[in-house]
Number of protein chains: 4
Amino acid sequence: MTNLPYLTPLTGEVLRAAGVPEGWDFGIADKVRFYELDALNHVNNVAYLRWFETLRIPYFRDYQVSSYRADDPQLVLMTNAARYHAPLYLNDSYVVTGRTVSYRNTSFRMEYAVFTETGLKTTGESVIVCLEQDAKTKRPLPKAAISAFQSRDGAVQE
Amino acid sequence: MTNLPYLTPLTGEVLRAAGVPEGWDFGIADKVRFYELDALNHVNNVAYLRWFETLRIPYFRDYQVSSYRADDPQLVLMTNAARYHAPLYLNDSYVVTGRTVSYRNTSFRMEYAVFTETGLKTTGESVIVCLEQDAKTKRPLPKAAISAFQSRDGAVQE
Amino acid sequence: MTNLPYLTPLTGEVLRAAGVPEGWDFGIADKVRFYELDALNHVNNVAYLRWFETLRIPYFRDYQVSSYRADDPQLVLMTNAARYHAPLYLNDSYVVTGRTVSYRNTSFRMEYAVFTETGLKTTGESVIVCLEQDAKTKRPLPKAAISAFQSRDGAVQE
Amino acid sequence: MTNLPYLTPLTGEVLRAAGVPEGWDFGIADKVRFYELDALNHVNNVAYLRWFETLRIPYFRDYQVSSYRADDPQLVLMTNAARYHAPLYLNDSYVVTGRTVSYRNTSFRMEYAVFTETGLKTTGESVIVCLEQDAKTKRPLPKAAISAFQSRDGAVQE
């Protein structure tokens, strides 16, 4: 995946050309850093959750979930999970991808996957709740976000 | 939970006296650090997974899963998940607890919970696989570990 | 230093009893965590700077530099440095200490040191500037802070 | 600096075209991540030290200081310092650069600088010691590294 531009949101065709399977239409190419290794010399499992977080920032912007302004919703991760498939090492180039698979009135479920040239390395999942700035009151998802979840990711209403 | 000794493995009665519910018999008291907050000013969800990791080190030693020597198994987290219940803030004192709920020949399932004086804040779960030092070949769990999972945590064979 | 209470501000006599040399009168006992190790299996040098940060929070409160409220100054680290003396390993108990050695109208210089039972492991230094909430305009240090720097740490005006 | 390829070692002309001043001939373009912000909403000062570390890995390889193999030297940071010039925010694109300014028989002094389109944001400095794999015995710097320090960075013998 060394031919992909790093740290730049990538979509359908570009991801496909790099070998990312159908169904993953938003991704970011990145590289394993020294501080993401642990004492066992491979990527520590907590780093995966950081990668999902790093992906969500441009995803939320692009899918109009939030533009991180004062009147935007607070987005709280109710659940956050990673599943290991194969180890990653220093300097490995990878693509972290994400999509919304389903949504309700005030929450949505995202899935993540990490790919390198040698295949799938990690998957993950979050349920994210949309709150008012008081961090308590639930707030309906923006209509534009639901529309993007449906049209771009094929998300279904739960 | 300010009356608990920090960073020292705590068991049954001490945890009970501090208000940790029955069923959680191994814990560590700790305190929220500045670097665990994110730009929203509460504990970032990735920090929870770090706390579970920090708990596992003395838990593995105490339950004889590993003593982190050259001939010990490699323990790989196949899944790692956290669930948010309520926010945590700078300097909050908390207890992170863990237990093994079930096991197979070469793997086991742990659950985690984080409590403060005002109740449950976070839960979590991992499936952990026991490998040889080649990081590929599955290795049976140490008998002493299975015995501790059963007698101390009430773990059941899956 | 295993006899010290962890994560609790410690002052003069307690530190002295634990073998911390004269001149260090504010400290926190803590323990090396797995995630602070790097792939070389000892504490990564960046972790030291985290420890200094973790110490500054209660120090600033105790010395009345800031109570982290809306009308408090913004404290910006103009310089931040660590010096390695000896390695630290997983589960090592240590005390991180700090003091203000000098001050000007709107800034002050802190020194840090990390000790274990086997002696000095790390030192450090920061110059910290006191700003208004606009993060630009310099703001005079609180009088109470200067007074504490002088009387408790023997700080001198630069 | 958005026209630079990210996470790819950059040298002289490319850096110059992006506005990096003369004298900085090895750099990496990167982007501020959410987890590098602190509760004050700008890049936490500890993140700068991480960026210097991330730069050193390809720098050491390119300058033949180490290729991170079993018979390579252990490189220990004796000192590590950062100086703040201006704040950085989420998604800012930056270039982190490094150079060796001087060397002795078994150690060398690196300087770092971080630039964005609006100028210099951070500088830094480390003294790095070259040790045998026992992490104690000093080891002479590789001849090829000294040669690269001199010819590429203009480093002088101390």
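Visitor: Which strands do the 5 bridges join in chain A and chain B?
Guide: In this predicted model, strand 3 (residues 74–84) of chain A is joined by 5 bridges to strand 3 of chain B. The two strands run antiparallel.

Visitor: What is the bridge partner of A:Thr79?
Guide: B:Arg83, in strand 3 of chain B.

Visitor: And how many residues of chain B are in contact with chain A?
Guide: 18 residues of chain B, with 18 residues of chain A on the other side.

Visitor: Which element of chain B gives the most there?
Guide: Strand 3 of chain B, with 10 residues. Helix 2 (45–62) of chain B also gives two or more.

Visitor: How do the residues on that side of chain B divide, by nonpolar, polar and charged?
Guide: The side of chain B that touches chain A has 11 nonpolar, 4 polar and 3 charged residues.

Visitor: New topic. How many residues of chain A are in contact with chain C?
Guide: 5 residues of chain A, meeting 5 residues of chain C. The chain A side has 3 nonpolar, 1 polar and 1 charged residues.

Visitor: Why do chains A and C meet through the same surface?
Guide: Because 100% of the interface residues of chain A are also interface residues in chain C.

Visitor: What turn lays chain A on chain C?
Guide: A turn of 180°, with a shift of 0.0 Å along the axis. The RMSD is 0.0 Å. That is how a two-fold axis relates copies.

Visitor: Which residue of chain A comes closest to the rotation axis?
Guide: A:Ala39, whose C-alpha is at 2.2 Å.

Technical notes: Residues numbered from 1 in each chain as written. Chains lettered and ligands numbered in written order. Predicted model: local features only at pLDDT ≥ 70, side-chain atom pairs only at ≥ 80, totals over all residues. Least-squares fit on C-alpha atoms with pLDDT ≥ 70 in both. Contact = placed C-beta atoms within 7 Å. Nonpolar A, V, L, I, M, F, W, Y, C, P; charged D, E, K, R; others polar. Helix = DSSP H or I, 4+ residues; strand = E, 2+ residues; numbered from the N terminus. Pairing = 2+ DSSP bridges.
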